[in-house]
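Visitor: I would like a close look at one part of this protein, with some sense of what surrounds that part. Please take the time you need.

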Amino acid sequence: MLSRTVRRSLIDTRITFSALPPTFLLPNRARYINSTPQHVESPPASFNSSTLPTAASPASTSSPPRVLTKRSVPEPPAPITTPIALSESVKELLPLLATQPSHYVSAHIHGKPYLVTVGDMLRLPFHMPGVVPGDVLRLNRASSLGSRDYTLKGTPYVDERLFECRARVMGTEAEPMRTKEKTKRRNRKIKIVKSKLKFTILRISELKLNTIEELEQ
């Protein structure tokens, strides 16, 4: 068995090189033979290289400098042109309400009522945007207006032409810094969240009730 295998191997070595395929059919040779040269055309004589887009310089791509502008004051709302409709009871009791020594109003700011009178300091539970200390705000949304003996309630709000309530912005206050640690189960990482809220402070500077004569003008 061993001698037969050796004999077969000797016969295979006697194969001449003519039985092998030509070298140009081998993979390495065929790669160079079948490759076609690239044809690159030269640019025409009328071509101008200055017309090609160039990369923008860093100075041109930089944003323009910011220009500080003055704070724009919002325009007052348009006056109400429709005549006010008052019932007989309101016409009768409104002068009595105006003669009372002190008044209160349940003013609504962003949908929340605040029961205030002249001289009260009102701390809003949020930071009102667009105002600075010294601005005067008119609170024209109120659900009730009254004194010690009389109360005028709106449905749902009192007509803003019946009274004038103004508040002055005193400034802002900030609460102490609060920190809270947040963790997750099976996680050793601890996230610390910091929060410091700001609040706007108002002072009620004026609360006036208009008379029937002023409303009819």
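Which residues are linked in a network of salt bridges?

Guide: The model is a predicted one, and the network in it is made up of Glu 164, Arg 166 and Glu 206. Arg 166 takes part in both of the pairs described here: with Glu 164 it forms a salt bridge whose closest N and O atoms are 3.1 Å apart, and with Glu 206 its side chain meets in another, at 3.4 Å from N to O. Because Glu 206 belongs to strand E10 and Arg 166 to strand E7, this second pair ties together parts of the chain that are 40 residues apart in sequence. As for exposure, Arg 166 counts as partly exposed, with a relative accessibility of 25%, and Glu 206 is likewise partly exposed, at 28%.

The structure holds five salt bridges, and another of them also involves strand E7. There, Glu 173 forms a salt bridge with Arg 123, and the closest N and O atoms are 4.0 Å apart. This pair too links distant parts of the chain, since Glu 173 lies in strand E7 and Arg 123 in strand E3, which covers residues 121-123, with the two positions 50 residues apart in numbering. Glu 173 is partly exposed, with a relative accessible area of 39%, and Arg 123 is partly exposed as well, with a value of 46%.

Strands E7 and E10 also lead to the interior, for both are among the elements that give two or more residues to the largest nonpolar core. That core has 27 residues, and those with the most contacts inside it are Val 105 and Ile 109. Other elements that give two or more residues to the core include helix H4 (88-98), strand E1 (104-109) and helix H5 (212-216). If neighbours within four places in sequence are left aside, Ile 109 is in contact with Tyr 114, Leu 122, Leu 124, Phe 126, Met 128, Leu 139 and Leu 202.

Two further places deserve a look. Gln 100 sits in the loop between H4 and E1, and Gln 100 counts as buried because its relative accessible area of 15% falls under the 20% cut-off. Apart from neighbours within four places in sequence, Gln 100 is in contact with Ser 147, Asp 149 and Tyr 150. Arg 141, for its part, lies over the face of Tyr 157, at 4.8 Å from the ring centre, while the count of aromatic pairs comes to zero.

To set these details in the whole, the protein has five helices and ten strands, and buried residues make up 19% of its 217 residues. Of the contacts between residues at least 6 apart in sequence, 68% join residues at least 24 apart. The accessible surface comes to about 18,400 Å², and carbon and sulfur atoms account for 56% of that area.

Terms used
Residues numbered from 1 in each chain as written. Predicted model: local features only at pLDDT ≥ 70, side-chain atom pairs only at ≥ 80, totals over all residues. Heavy atoms only, no water. Core = buried A, V, L, I, M, F, W, Y, C linked by side-chain atoms within 4.5 Å. Buried < 20%, exposed > 50% of the residue type's maximum accessible area, 1.4 Å probe, protein only. Helix = DSSP H or I, 4+ residues; strand = E, 2+ residues; numbered from the N terminus. Contact = heavy atoms within 4.5 Å. Phe/Tyr/Trp six-rings, centres within 6.5 Å; stacked < 30°, edge-to-face > 60°. Lys NZ or Arg CZ within 6 Å of the ring centre and 35° of its normal. Areas by Shrake-Rupley, 256 points an atom, 1.4 Å probe, with all protein chains shown as cover.
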